[in-house]
Amino acid sequence: MKRPEIDHLILDLLEGGITADGFHAIESELRVNREARFLYGQYVRQHSALHLKASGHSAVQVKDVIPMDRVIARQKRRALRIAAFSAAAAIVVATATSFFITLPEAPLARFKVSPNTEYSLTHAAPEGDDQPEGRVVDVGSRMRIEQGTVELAFASGVKGIVHGPADFSLREEGLVDLHRGVAWFEVPPPAVGFQVDTPDFLLTDLGTEFGIVSRQGQTDEVHVFSGEVEVRHHRGLYATVAVAGGEARSAKASGDWKEIAFAPEKFFTELPTWDPAPPYLYWSFDESHGDRYPPEGTHPAADSIKSERGFVDEGPEAVVGRVGNALRFDESRDHIKTDWPGISGTAARSVALWVKLPEIDGAPYNSSLVSWGTPAPAQGKVWSLRVSNLDTVIREAERGRTCLQLWYSGSWINGTTDLADGKWHHVAICLNGVRDRNGLPAVDLYVDGRREQTYFDSHPGVSPPGFTDTSDPNAIPLLIGRSKGSPEKSCNATIDEVFIFDGYAGQNIIEMLANPMQGRLP
């Protein structure tokens, strides 16, 4: 079919004047013609924007409202269905007992959630129409997932798994706006042409299985498990590229594409059936495999992370721990290194562990226990759970104490409990991914299961505070027991039961980890 004919059919469809033959013709063309699908999307967005402008709305709101043509089309389909069922009922009445048949319109998608998932759902049904009921998503519906995982089952047969924190909406049938989050989709042949729009690109499915990573402060990524997708950049060069199974791309700021390693471990492809906590990585240190200390846990990356001693034939030393065995790090070189990049941007996360410091007795102490991200210059964009008594970052009331501390790219968040007493203490830091009224990250510190009184000491050289960069070429993956800034210096502490949660763990989970007799996470 030639371009002018496609143009006329799409316009006839949007204006409600298309014939039955024309409808079948454009429907068939959209199934097989990639350019026609893109053209259709452009016309729909333009048509919606014109309706919005005529009604006094700003065109930038187009993603969060229902396109008028979509509303009209749905109303027409509903009227046709009602008419058809009314006719069927009339025929039955003529031959048997009189009765009426009514069939509610099916939603475009239904969803299920894993345990402990926290989400909000809003709908944008047109005025006078019924709001969807139950766990359903329709045109204009928007879901925000604070933590947890959601499974979507579309009427078209598309299956999706979205892991929070995430924010997505259904702009129209077959088109999802993924504002942020990690999402995996499986598209059957009848639903070819399914699209996902992110801040960086528009993805058009060509019959496949794919995943998308969209995090604040990072360029969006697409990972294709099988088949092929087409992605068109929203900026700069507006480059379009086809990505096949086993390949992955990230969107460059220039509007072009960067080839990256395919990483299926970033995605859930099934809904977790028992999830009392955000997905987590767990190092028990109860046993090693030579120089390797592989993590456990429910996080998709748990089975693929390389985790080992930083230097062969040197510590840390296995000792009796708070629960089973622990690792004793001396002051020189001891550490565990991994190839896991860590959690990026401002996304929610939590770190919890047992630590035993020596009795310092007033000596200077400033050590990193768990860290990842991009170090200096400009103080770096690093997430680093630390213990310190340095005067430069400890206020007068806590001088002489060795306290829990978080360095979060521009901010020191400090606790108040002295930990340098030669005893085991459970420490945890939980970030919920939002900022307070002053623009500072909302962070909770815990010592022995109790929330700490905290105070901030922001660094003037970094603005805004609170961002972790894991995509920079100089970024360092997760380290346990060693400072990024002083590679030859380890933490001079004993560490046990390290948990890293991909989300906000919260007080109940931290209290349970601080009291092992109450139970353990699976």
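1. A strand, written E, is a DSSP run of at least two residues, and strands are numbered from the N terminus. With that in hand, take one example: Leu-431 sits in strand E26. Please keep in mind that this is a predicted model.

2. The overview comes next. The chain holds five helices and 31 strands. It has 522 residues, and 50% of them count as buried. Look also at contacts between residues at least 6 apart in sequence: 59% of these join residues at least 24 apart.

3. Back to Leu-431. Is this residue buried or exposed? Leu-431 counts as buried because its relative accessibility is 1%, and buried means under 20%. Its touching residues, beyond those up to four places away in sequence, include Thr-346, Ala-347, Trp-383, Tyr-408, Val-443 and Tyr-504. Asp-444 is 13 residues from Leu-431 in sequence, yet their C-alpha atoms are 6.5 Å apart in space.

4. Which residues touch the most other members of the largest nonpolar core? They are Val-370 and Ile-495, in a core of 44 residues. Strand E31 (residues 493-501) gives this core its largest share, four residues. A second core lies apart from that one: it has 37 residues, among them Leu-152, Val-162, Phe-201 and Val-222. As background, nonpolar side chains in soluble globular proteins tend to be buried together.

5. Val-370 deserves a look of its own. Setting aside residues up to four places away in sequence, Val-370 touches Val-351, Leu-353, Trp-383, Ser-384, Leu-385, Leu-478, Leu-479, Val-498 and Ile-500. Trp-383 is a name to remember here: Val-370 touches it, and so does Leu-431.

6. Helix H5 covers residues 507-514. Its buried residues include Ile-509, Ile-510, Met-512, Leu-513 and Ala-514. What do they pack against? The partners are strand E21 (349-356), strand E26 (424-435), strand E27 (441-447) and E31. Two of these strands have come up already: E26 holds Leu-431, and E31 feeds the largest nonpolar core.

7. Asp-167 is a charged residue in strand E6 (residues 159-172). Why does Asp-167 count as buried? Its relative accessible area is 10%, and the cut-off for buried is under 20%. The side chain of Asp-167 makes a polar contact of 2.8 Å with the side chain of Arg-142. Further contacts, leaving aside neighbours within four places in sequence, include Met-143, Asp-177, His-179 and Arg-180.

8. Ala-248 belongs to strand E14. Ala-248 is buried, at 1% relative accessible area. Its contacts outside the four nearest places in sequence include Val-222, His-223, Val-243, Ile-260 and Phe-262. Gly-211 is 37 residues away along the chain, and the two C-alpha atoms are separated by 9.3 Å.

9. Two residues have an unusual label to check: a positive phi in a residue other than glycine. For Tyr-238, phi is near 50 degrees. Tyr-238 lies in the loop between strand E12 (228-233) and strand E13 (240-244). For Phe-285, phi is near 65 degrees. Phe-285 lies in the loop between strand E16 (280-283) and strand E17 (307-309). Which is buried and which is partly exposed? Tyr-238 counts as partly exposed, at 43% relative accessibility. Phe-285 counts as buried, at 4%.

10. The second largest pocket holds about 1,100 Å³ of space. It is lined by 39 residues, and the closest to its centre are Gln-218, Glu-221, Lys-266, Pro-341 and Thr-470. Strands E11 (221-226), E14 (248-251), E15 (257-260) and E30 (476-480) each supply at least two lining residues. By class, the lining has 16 nonpolar, 13 polar and 10 charged residues.

11. How many cavities of 30 Å³ or more does the whole structure have? The search finds four. The second largest has a volume of about 70 Å³. Its lining includes Pro-165, Arg-180, Ser-214, Arg-215, Gln-216, Thr-346 and Ala-347. The classes are two nonpolar, six polar and two charged residues. Some names return from earlier points: Arg-180 is in contact with Asp-167, while Thr-346 and Ala-347 touch Leu-431.

Definitions and conventions. Residues numbered from 1 in each chain as written. Predicted model: local features only at pLDDT ≥ 70, side-chain atom pairs only at ≥ 80, totals over all residues. Heavy atoms only, no water. Buried < 20%, exposed > 50% of the residue type's maximum accessible area, 1.4 Å probe, protein only. Polar contact = N/O pair within 3.5 Å; in protein donor to acceptor, adjacent residues only side chain to side chain. Contact = heavy atoms within 4.5 Å. Core = buried A, V, L, I, M, F, W, Y, C linked by side-chain atoms within 4.5 Å. 1 Å grid on protein atoms, 1.4 Å probe; cavity = no way out; pocket = protein on both sides within 12 Å on 5 of 7 lines; lining within 4 Å. Points joined across faces, edges and corners; volume = space filled by probe spheres on them.
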